[in-house]
Structure formats: structure tokens, C-alpha cells
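Please find below a colleague's note on the structure shown here. The points are numbered so that each may be taken up separately.

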Amino acid sequence: MLILGGGTAAGWGVTSHDLALPGSLARALSTRTGRGTDVTLVADPFGFLEGLPNLLIGQDLSQINAVVVFIGVNDAVNLTTERAWERNMGLLLRALERETSDGTYMYVMDIQPIRTIPAFDSLLGSIANAHARRLTARTERVCRGIPRTVYLPLTKNTILLSGLVSGRYRNSSDYRLWGEFLAREMADRLDLAQDHLGPNKARSLPITAPREVEAGDEPRVREARFDPVLALARQSFGTESAAFLLRDHSGLRVVASAGPTDDNPAGSDSLSATVVIQPGALVVGDTQKDERFRSNSYVTGAPFVRFFAGFPIESPSGERIGILCVFDPEPRIRADIDIVLLRQLALMIQDELHAIRL
């Protein structure tokens with residue numbers, strides 16, 4: 001996915017893009033499609049529609065499955081002429097149409113009400129808001145004339161509008177609503193490429209149904225429910241061990257495992273702990289050649305980890321709370337590790353964990 005523009009795309013109000021629109025959209029799409037999602041952000045918080053094509057210089061759009069465009073607040077406040085806006089919107093969308101594949105759709109978001117932005121909650125904001133409605137009418141007209149372009153008006157989305165409260169900056173809950181809304185619009189049109197583990201295979205694994213959770217009860221994870229995924233991870237990567245670790249008040253603990261495993265991979269200074277604090281996969285082909293880990297006890301002693309690959313598992317709101325990892329006493333070539341498959345397996349555990357906590 002590509003998120004392009006400013007405003008909501010820029011992530012005002014939160015501390016990281018994991019909690020902003022890119023992370024929220026990735027999680028919502030993965031939940032709906034059963035597939036891993038990569039989101040690229042190309043944003044200028046203070047940009048104008050006229051300058052968006054310049055942001056795309058050097059970007060490879062051939063592998064993008066969908067483009068989401070957020071723009072218009074600065075143009076509305078600066079009273080960009082309707083004619084210039086319509087011309088520049090057409091130039092942008094036709095450029096995206098040319099540079100993307102035939103199955104790629106462009107989604108153009110409505111301009112949010114200007115006075116919901118704290119800096120413009122004033123008379124100037126009222127004038128800009130009226131101008132934004134005129135620009136919106138031009139946007140809708142342009143979108144109707146360009147194939148594979150979808151205009152998404154805010155006026156028909158009461159849930160999103162209710163979250164746009166005047167005088168308050170965005171928070172992670174707002175971005176989660178945006179991500180879920182966009183995922184609903186996009187999921188049916190996406191033609192995601194098949195890889196090692198398609199959505200149907202993922203859903204057919206024999207994971208048991210989650211138990212009911214009584215009010216006020218902290219869910220206890222039933223270790224056996226994760227065994228099929230861990231067995232598949234161990235077999236797919238040809239490793240001696242695989243494990244699912246979850247963070248609690250005392251640190252990381254092993255919830256379920258396949259193959260020889262002890263408490264070492266869950267240590268506070270371990271490879272697993274490193275995975276939890278970063279957004280993507282960690283792959284170490286040979287721990288003895290990595291200065292960060294070669295002197296640690298789990299490398300020099302049991303279970304004698306030489307190869308390690310882990311992917312973080314997130315809560316519904318985007319915080320990283322655990323990992324799926326595979327490890328082995330024999331080193332590997334890092335480039336041979338299928339990160340897409342590792343992520344897909346982590347998503348399967350993540351979905352099951354979320355179901356337990358519903």
C-alpha cells in the first residue's frame with residue numbers, strides 16, 4: 001500500500017507511524033485479508049496538491065496494490081483556486097494510473113472539516129471549510145472520469161465524523177477507525193499475490209475455538225492452541241525449535257513451543273527482547289558473528305542458538321506484546337530466510353491471540 005499526502009497521513013497526535021494511519025491500515029487489512037501488509041508512507045505535513053507528484057519522484061509504484069491520497073487542508077486554508085485544484089488533481093491521478101499496475105486502485109479521501117483542526121478552529125477555519133466543500137465537488141468530478149479511482153466522502157461516514165472533534169488532536173483510536181474504514185473499502189478490490197501460505201491455508205489450520213472469557217477475568221492462554229502454527233513454523237524453516245513468547249509484568253515468557261526450548265530465549269537481554277522493541281523481523285544468520293549477541297548465555301550455553309529469526313506480535317491497538325521465533329544450533333544464510341512466510345505465521349498467532357481477548 002502507498003499512503004500519499006498530508007493531514008491525516010502525516011500522523012499528527014501520536015508518537016509513531018505504528019500507532020498512526022500506516023500501522024492502523026496494515027493491521028486492519030491483515031485482519032480482513034489474512035495476508036501480511038506493507039504500507040509505504042510518502043507525506044508532507046505542510047504540502048499542497050500541486051507538489052504531490054514531486055514526492056513520487058524515485059518511487060517504484062509497479063508493486064503497489066492500492067494508493068490512498070490524503071490532501072486538501074492546506075489548499076483549503078490558502079484558498080487554492082478551484083480550477084487549479086481540479087487540474088492538479090487530474091494530473092496526480094493520471095500519473096498514478098500510468099505508473100501503477102492494472103489492478104491498482106486509487107482512493108481519494110475527502111478533506112476533513114477544517115475547524116476540527118485545533119489551529120483552524122476559528123473564523124478563518126469557517127471560510128476555509130466552505131472552500132474545502134467547493135474543492136471536494138471538483139475532486140468527485142475528477143475521480144468519476146479516471147478509471148480505478150474511488151472517491152471516499154466523509155459525509156457518508158458518521159463514525160469517522162464523530163471522531164473528528166474540534167479542538168482535539170488525533171490519537172491512536174482515531175487512526176484505528178480510519179484504518180478500519182479504509183480496509184473495508186479496499187479489501188474486496190485487492191488482488192494480493194499468492195505466496196507460500198495463502199489465506200485459505202491459514203484459515204484451515206486446526207486451531208481450536210477460543211474459550212469464553214468472563215467479565216473481569218484475565219484470559220489465560222491455552223498453550224495447545226498455538227501448537228499447529230509452531231509446528232508449521234518449525235517444519236517450514238527446518239529449525240530445531242520454534243516458540244511463541246508473550247510480554248507480561250515480569251518480561252517475556254514462553255507461552256508455547258515446538259522442539260527443544262527453555263527459558264533462555266525469553267531473557268530480558270535476549271534476541272526475543274530485541275524483536276519486541278523493533279517494528280519488523282529480526283534475522284541473525286550466525287549469533288557468534290553478531291557483536292550484540294555472541295557473548296550471551298543462550299549462545300555460549302544451552303540451547304546454543306546460532307540461527308535466530310523472529311517477528312513481533314501486536315495488540316489490537318498496535319503495541320508490540322510478543323514474538324514468534326524460530327531458532328537452531330546451526331547457522332544459516334540470512335538472505336535465504338523467507339520473511340513473508342515468517343510474518344504470515346506471526347499473524348496467525350496474533351489473530352488467535354486477539355480472539356482470546358475479545
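The points below concern a predicted model and treat its cores, two helices, a buried aspartate and several salt bridges in turn.

1. Nonpolar cores. The largest nonpolar core comprises 32 residues, and Leu4, Val69, Leu93, Leu96 and Ile114 have the most contacts inside it. Two or more residues of this core come from each of strands E1 (2–5), E3 (66–70) and E4 (105–109), and from helices H3, H4 (82–99) and H5 (123–144). Another core, of 27 residues, lies apart from it; Phe237, Val283, Ala309 and Ile313 are among its members. As general background, nonpolar side chains in soluble globular proteins tend to be buried together.

2. Leucine 93. Which residues does leucine 93 contact, leaving aside its neighbours within four places in sequence? Its partners are Met106, Val108, Val142, Cys143, Ile146 and Thr149. Leucine 93 is also listed among the residues with the most contacts inside the largest core.

3. Helix H5. This helix has 22 residues, and the distance from its first C-alpha to its last is 33 Å, close to the 32 Å expected at 1.5 Å a residue. Its buried residues are Gly125, Ala128, His131, Ala132, Leu135, Thr136, Thr139, Val142 and Cys143. The elements covering these buried positions include H3, H4, E4 and strand E5 (149–152).

4. Helix H7. For the 16 residues of H7 (residues 172–187), a rise of 1.5 Å a residue gives an expected span of 22 Å, and the end C-alpha atoms of H7 are 22 Å apart, which agrees. The buried residues of H7 are Asp174, Tyr175, Trp178, Gly179, Phe181, Leu182, Ala183, Met186 and Ala187.

5. Aspartate 75. This residue belongs to helix H3 (residues 73–77). Aspartate 75 is buried but has no salt bridge, and the nearest side chain of opposite charge, that of arginine 87, is 9.7 Å away. What polar partners does the side chain of aspartate 75 reach? One is the backbone nitrogen of leucine 49, at 3.0 Å; another is the side chain of threonine 80, in a polar contact of 2.9 Å. Not counting residues up to four places away in sequence, aspartate 75 touches Phe48, Leu49, Thr80, Trp85, His131 and Leu135. Of these, His131 and Leu135 are buried residues of H5.

6. The salt bridge between H4 and H5. The structure holds 11 salt bridges. One of them joins the side chains of glutamate 86 and arginine 141, with an N to O distance of 2.7 Å. Because glutamate 86 lies in helix H4 and arginine 141 in helix H5, this pair ties together parts that are 55 residues apart in sequence. Arginine 141 is partly exposed, at 43% relative accessible area.

7. Two further salt bridges. Arginine 292 and aspartate 290 meet through their side chains at 2.8 Å, N to O. Here aspartate 290 is buried, with a relative accessible area of 15%, whereas arginine 292 counts as partly exposed at 47%. In the pair formed by aspartate 328 and arginine 332, the closest N and O atoms are 4.0 Å apart; a reviewer may note that the cut-off for a salt bridge is 4 Å. Aspartate 328 is buried, with a relative accessible area of 9%, and arginine 332 is partly exposed, with 24%.

8. A charged network. Glu82, Glu86, Arg134, Arg138 and Arg141 are joined into one network by salt bridges that share partners.

Terms used: Residues numbered from 1 in each chain as written. Predicted model: local features only at pLDDT ≥ 70, side-chain atom pairs only at ≥ 80, totals over all residues. Heavy atoms only, no water. Helix = DSSP H or I, 4+ residues; strand = E, 2+ residues; numbered from the N terminus. Expected span 1.5 Å × (residues − 1). Buried < 20%, exposed > 50% of the residue type's maximum accessible area, 1.4 Å probe, protein only. Lys, Arg positive; Asp, Glu negative; His and termini not counted. Polar contact = N/O pair within 3.5 Å; in protein donor to acceptor, adjacent residues only side chain to side chain. Contact = heavy atoms within 4.5 Å. Core = buried A, V, L, I, M, F, W, Y, C linked by side-chain atoms within 4.5 Å.
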